[in-house]
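I set out to look up how the strands pair, how the helices pack, and what lies around the ligand. These are my notes, kept in the order in which I looked.

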Amino acid sequence: MPPVTSLTAHVHQRLTTALTATLPETADADPLLRRSDRADFQANGILALAKKAKANPRDLATKVVDQVVTGDLIKDIEVSGPGFLNITLTDRAITETLAARATDPADRLGVPLAAHPGTTVIDYAQPNVAKEMHVGHLRSAVIGDAVVRILEFVGESVVRRHHIGDWGTQFGMLIQYLDEHPHELDREATADGAAETGEEAMSNLNRLYKAARTHFDSDEEFKTRARRRVVDLQAGDPHTLATWQRFVDESKVYFFSVFEKLDMEIRDADIVGESGYNDMLDETCRLLEESGVAVRSEGALCVFFDDVKGPDGNPVPLIVKKSDGGYGYAATDLSAIRNRVFDLKADTLLYVVDARQSLHFKMVFETARRAGWLNEETKAQQLAFGTVLGKDGKPFKTREGETVRLVDLLDEAIDRATTVVREKAAKMGLSEEEIVENGRFVGVGAVKYADLSTSAVRDYKFDLDQMVSLNGDTSVYLQYAYARIQSILRKAGDARPVAHPELALAPAERALGLHLDQFGELLLDVAAGYEPHKLAAYLYQLASHLTTFYDQCQVLSDANPREVVENRLFLVDLTARTLHQGMALLGIRTPERL
Ligand code: ARG
């Protein structure tokens with residue numbers, strides 16, 4: 001069963017056919033069709049065509065109009081202004097197309113799959129071992145998760161990679177300290193059989209980190225022992241590795257607890273941190289050096305770029321291998337590219353990483369291109385995101401000037417949301433359990449939506465009051481729109497949503513219907529450009545159309561003939577399903593009762 005052809009695509013087809021009949025030489029000319037407020041659509045393409053054909057645009061437009069078949073799909077088509085076409089559709093075509101979406105046997109609302117799906121490896125949600133997660137990690141996780149869902153929905157094969165920071169010299173100090181104080185990570189919490197919580201794990205790690213740091217800074221001999229540990233770790237000494245693994249495992253307990261709070265599925269198998277590429281580092285360097293892409297400079301293995309210079313005007317290289325023989329962040333990322341391209345067979349590599357790392361990725365991607373690992377068919381792109389700012393417009397910090405812990409921030413969002421939910425709950429007759437669950441979905445949804453509704457590259461202000469507000473472009477506004485429809489459907493008694501194409505539609509119904517019909521094309525566009533914020537904007541507009549519809553059209557009114565009730569139920573039901581699907585793609589829940 002093919003996906004549903006949208007009204008836009010249908011009209012487009014009609015116009016191109018008419019254009020070709022009028023001007024045969026313009027076989028694939030674009031009629032430049034747009035949604036319009038004056039009619040349903042406006043086509044502006046005739047002007048340019050007339051210019052090319054040296055014809056009068058209004059005459060040409062009139063000739064085209066004569067060629068357009070009307071009646072079934074197009075009710076009216078007329079020339080306006082200098083040669084625009086105003087197009088109005090039949091009510092029947094709108095309702096029938098929506099009905100086809102509603103009954104899509106694949107349950108995809110008639111949304112097509114991408115024409116040429118491929119394999120994308122997406123690098124997102126990459127916190128660092130033994131460290132607290134902060135708002136930057138939030139953005140990567142939230143944006144990455146939405147992009148994964150959207151890509152998978154349009155048929156792309158997606159491989160997720162959580163490139164956690166689990167390697168590096170900082171582990172020498174930690175491992176040495178734990179070795180000297182072996183019981184510091186013992187799980188008191190498990191004594192009573194309960195699993196360790198993420199909070200406990202993080203507080204253990206914090207304590208250990210601080211203690212190790214103090215030793216490292218004050219005790220020269222400890223420092224020497226810690227440095228030796230780095231060498232042991234890199235050499236793969238089994239005992240050292242086992243101690244390192246304890247840190248990784250402890251951190252994962254914490255990570256998983258945060259991701260769970262975020263209502264996000266992160267799979268252990270997809271966590272392939274920096275350490276996962278250790279075996280490839282030597283070869284990566286050898287390949288780069290042999291091909292001449294990297295050269296020795298002051299003992300280090302470096303890649304140079306004409307356009308990357310420091311403040312002193314001297315070139316700043318990408319250092320692949322340090323002069324002491326150690327490998328850094330770049331060597332790992334270059335090895336990861338080889339793995340993703342040649343082993344995972346990806347044709348697209350995405351990196352959802354802070355814009356402050358853009359120079360790093362620019363150099364890494366360029367190096368990989370020079371080495372022939374990336375090319376026209378196999379591309380890499382950073383989905384760079386901006387900084388999260390506080391209400392004061394400065395990078396988001398606690399009052400004490402410290403970075404905000406992600407967990408605290410989520411807890412606060414959930415708290416506020418629960419208050420909002422509770423206020424309305426009594427009227428709805430919600431149980432305490434439902435209030436708590438809704439509070440979570442609304443709070444976490446608010447944080448995700450605020451992040452996803454601004455274009456990723458832009459900085460955004462973290463303002464919880466605004467985020468959980470019932471008015472305006474917020475997730476809770478959309479969640480209420482959804483829940484209100486569910487409530488109407490419950491109240492409808494034995495009236496069911498049924499499409500009645502024979503009915504005339506009110507202007508607000510047409511506007512809602514035409515917007516619903518654009519969902520599929522919008523998603524393809526969102527997927528192609530990795531732009532979840534466009535999906536958020538679409539959903540917000542959908543909810544706004546719904547509000548206007550409620551203002552102008554009563555759904556459950558005794559004054560309405562039965563068919564009108566059914567058709568309006570059908571419209572709101574499809575709206576609810578579209579909202580639900582769209583929000584799910586953003587990783588946001590839509591509670592049935594709110
Ligand atoms: N762990 C890094 C950080 O917290 C982000 C890793 C990004 N991914 C990558 N392949 N380098 O900043």
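**Entry 1: the S7-S8-S9 sheet**

I started at cysteine 302 and looked for its bridge partner in S9, which is isoleucine 319. I note at once that this is a predicted model. I then looked across to the other neighbour of cysteine 302, and valine 295 stands opposite it. Cysteine 302 belongs to S8.

I checked a second pair between S8 and S9. Leucine 301 has lysine 321 of S9 as its bridge partner. I counted the bridges next. S8 and strand S9, residues 318-321, run antiparallel and are joined by three bridges. Strand S7 (residues 295-297) and strand S8 (residues 300-303) are also antiparallel, with three bridges between them.

How many residues lie between S7 and S8 in their hairpin? I found two residues there. One residue of the turn, glutamate 298, has a positive phi of about 50°.

What is the strand order of this sheet? I read it as S7-S8-S9, an open sheet of three strands with antiparallel pairing. S7 and S9 are at the edges and have a single partner strand each, so each has one side without a neighbour in the sheet. From one strand to the next, I get an average twist of 50°.

**Entry 2: the four-stranded sheet**

I moved on to the sheet in the order S1-S2-S4-S3. This one is also open, and its pairing is antiparallel. Which strands stand at the edges? I found strand S1 (33-35) and strand S3 (74-80) there. Each of the two has a single partner strand, so one side of each lacks a neighbour in the sheet. The twist here averages 25° from one strand to the next.

I looked at the pairing of S3 with strand S4, residues 84-89. Six bridges join these antiparallel strands. Within that pairing, glutamate 78 stands opposite asparagine 86 of S4.

I then asked what packs on this sheet, and found helix H1 (residues 7-22). H1 touches S1, strand S2 (41-43), S3 and S4. The direction of H1 makes about 145° with that of S1.

**Entry 3: H6 on H8**

Next I turned to helix pairs. For each I noted the angle between the axes and the distance between them, as packed helices are described by these two values.

Helix H6 (residues 170-180) packs with helix H8 (residues 220-235) at about 110°, and the axes are 7 Å apart. That angle makes H6 roughly perpendicular to H8. The crossing of H6 past H8 is right-handed.

I listed the residues that meet. H6 brings Phe171, Gly172, Met173, Ile175 and Gln176. H8 brings Phe222, Arg225, Ala226, Arg227, Arg229, Val230 and Leu233. By class, I have seven nonpolar, two polar and three charged residues in the contact of H6 with H8.

**Entry 4: H7 on H9**

Helix H7 (residues 198-218) and helix H9 (residues 238-261) cross at roughly 135°, and their axes come within 8 Å. This makes H7 oblique to H9. I noted a left-handed crossing for H7 past H9.

From H7, the contact uses Gly198, Ala201, Met202, Asn204 and Leu205. From H9, I listed Glu250, Ser251, Val253, Tyr254, Phe256, Ser257 and Val258. The contact of H7 with H9 holds seven nonpolar, four polar and one charged residues.

**Entry 5: H16 on H19**

I looked up helix H16 (residues 475-491) and helix H19 (residues 532-552) last among the pairs. Their axes come within 10 Å and cross at roughly 50°. H16 and H19 are therefore oblique to each other. H16 passes H19 in a left-handed crossing.

Tyr477, Leu478 and Ala481 of H16 contact Leu539, Tyr540, Ala543 and Leu546 of H19. Which classes make up the contact of H16 with H19? I found seven nonpolar residues, no polar and no charged ones.

**Entry 6: the ligand**

I closed with the ligand. Which residues surround the ligand? I wrote down Asp123, Gln126, Asn128, His163, Gly165, Asp333, Tyr351 and Val353. I sorted this shell by class and got two nonpolar, four polar and two charged residues.

How values were computed:
Residues numbered from 1 in each chain as written. Predicted model: local features only at pLDDT ≥ 70, side-chain atom pairs only at ≥ 80, totals over all residues. Near = placed C-beta within 6 Å. Nonpolar A, V, L, I, M, F, W, Y, C, P; charged D, E, K, R; others polar. Axes fitted to C-alpha atoms, helices over the stretch in contact; angles between N-to-C directions. Parallel < 35°, antiparallel > 145°, perpendicular 65-115°, else oblique. Left-handed = near helix turned anticlockwise from the far one by under 90°. Contact = placed C-beta atoms within 7 Å. Pairing = 2+ DSSP bridges.
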